[in-house]
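Thank you all for coming. I would like to take you through one structure this morning, beginning with its charged pairs and then moving to how its helices and strands are arranged.

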Amino acid sequence: MTTAAPHSTGSRALEHPAREEIRLEAVLHALSDPMRLAVVREIAGARTAELSCSQIDLPVTKSTTTHHFRVLRESGVIEQVYRGTAKMNGLRRADLDALFPGLLDSVLDAAARQADRLGG
C-alpha cells in the first residue's frame, strides 16, 4: 500500500491510501457496517471539519472502536491525524466526491432516512 503524503511526523504518522488507490469496494465495505456508518454520519454532521475519537461515542469496546476507525481510514473514507495527543478524524469528502460523485451524500441521505423511519 502506498501512503498519501504524511499527515504527521515520526512514528505517529498514520497510513492512508492515496486518492488513486481508493477502491469503491473498500468504501462500500467500510460504509456497510452500522457502527462505521454512525461514525461517518457523526463526522459529516459535526460543526467542525474534524472530531477526536473521544468525541465519537460508540457502544462497543475500545479495541472494536479502534478497528472500525482503522477500516474507515484504510478504505479512504476518513483521514486521521494526530493533533497533540488527540487523534482527529475527518471525512475525505473531496477525494470521495472526485472519485465517486454523489456517493457519500447519497449514503448519508439514505442513512438519515433509515434512521427517521426506524426511530433511530
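A search of the whole structure, which is a predicted model, finds 7 salt bridges, and I will go through some of them in turn. In one of them the side chains of Asp95 and Arg19 meet, with 2.6 Å from N to O. Asp95 belongs to helix α4, residues 93-99, whereas Arg19 sits in the segment before α1, so this pair ties together parts of the chain that are 76 residues apart in sequence. As for their surroundings, Asp95 counts as buried because its relative accessibility is 16%, under the 20% cut-off, while Arg19 is partly exposed, at a relative accessible area of 35%.

Another salt bridge connects Glu50 with Arg83, whose closest N and O atoms are 2.8 Å apart. Here too distant parts of the chain are linked, since Glu50 lies in the loop between α2 and β1 and Arg83 in strand β2, 33 residues apart. Arg83 is partly exposed, with a relative accessible area of 46%. Returning to Arg19 and Asp95, I would add that salt bridges with shared partners join these two and Arg92 into one network. There is also a salt bridge between the side chains of Arg23 and Glu25, at 2.5 Å from N to O, and in that pair Glu25 is partly exposed, with a relative accessible area of 48%.

Let me turn to the sheet. In what order do the 3 strands of the open sheet run? The order is β1-β3-β2, and the pairing is antiparallel, with β1 (51-52) and β2 (78-83) as the edge strands, each of which pairs on one side only. Between β2 and β3, the latter being residues 86-91, the antiparallel pairing extends over 6 bridges, and Tyr82 has Lys87 in β3 as its bridge partner.

Two helices lie across these strands. Helix α3, residues 62-75, lies across β2 and β3 and runs at about 115 degrees to β2, whereas helix α2, residues 34-44, lies across β1, β2 and β3, at about 85 degrees to β3. At the N-terminal end of α2, Asp33 acts as a cap, with a side-chain oxygen 2.9 Å from the backbone nitrogen of Met35.

Which residues of α2 are buried? They are Arg36, Leu37, Val39, Val40 and Ile43, and because they cover an arc of only 155 degrees around the axis, they fall on the same side of α2. These buried residues pack against α1 (24-31), β1, α3, β2, β3 and α5 (103-118).

Technical notes. Residues are numbered from 1 along each chain as its sequence is written. This is a predicted model: local features need pLDDT of at least 70, side-chain atom pairs count only at pLDDT 80 or more; totals for chains, interfaces and linings use all residues. Side-chain values use heavy atoms; hydrogens and water are left out. Two strands pair if DSSP finds at least two bridges between them. Helices (H or I, at least four residues) and strands (E, at least two) are DSSP runs, numbered from the N terminus. Contact means heavy atoms within 4.5 Å. Axes are lines fitted to C-alpha atoms, for helices over the stretch in contact, and angles run from 0 to 180 degrees between N-to-C directions. Buried means under 20% relative accessible area, exposed over 50%, partly exposed in between (1.4 Å probe, protein chains only). The arc is that of the directions from the helix axis to the C-beta atoms. A polar contact is a pair of N or O atoms within 3.5 Å; within protein, one must be able to donate a hydrogen and the other to accept it, and residues adjacent in sequence count only if both atoms are side-chain atoms. A salt bridge is a side-chain nitrogen of Lys or Arg within 4 Å of a carboxyl oxygen of Asp or Glu.
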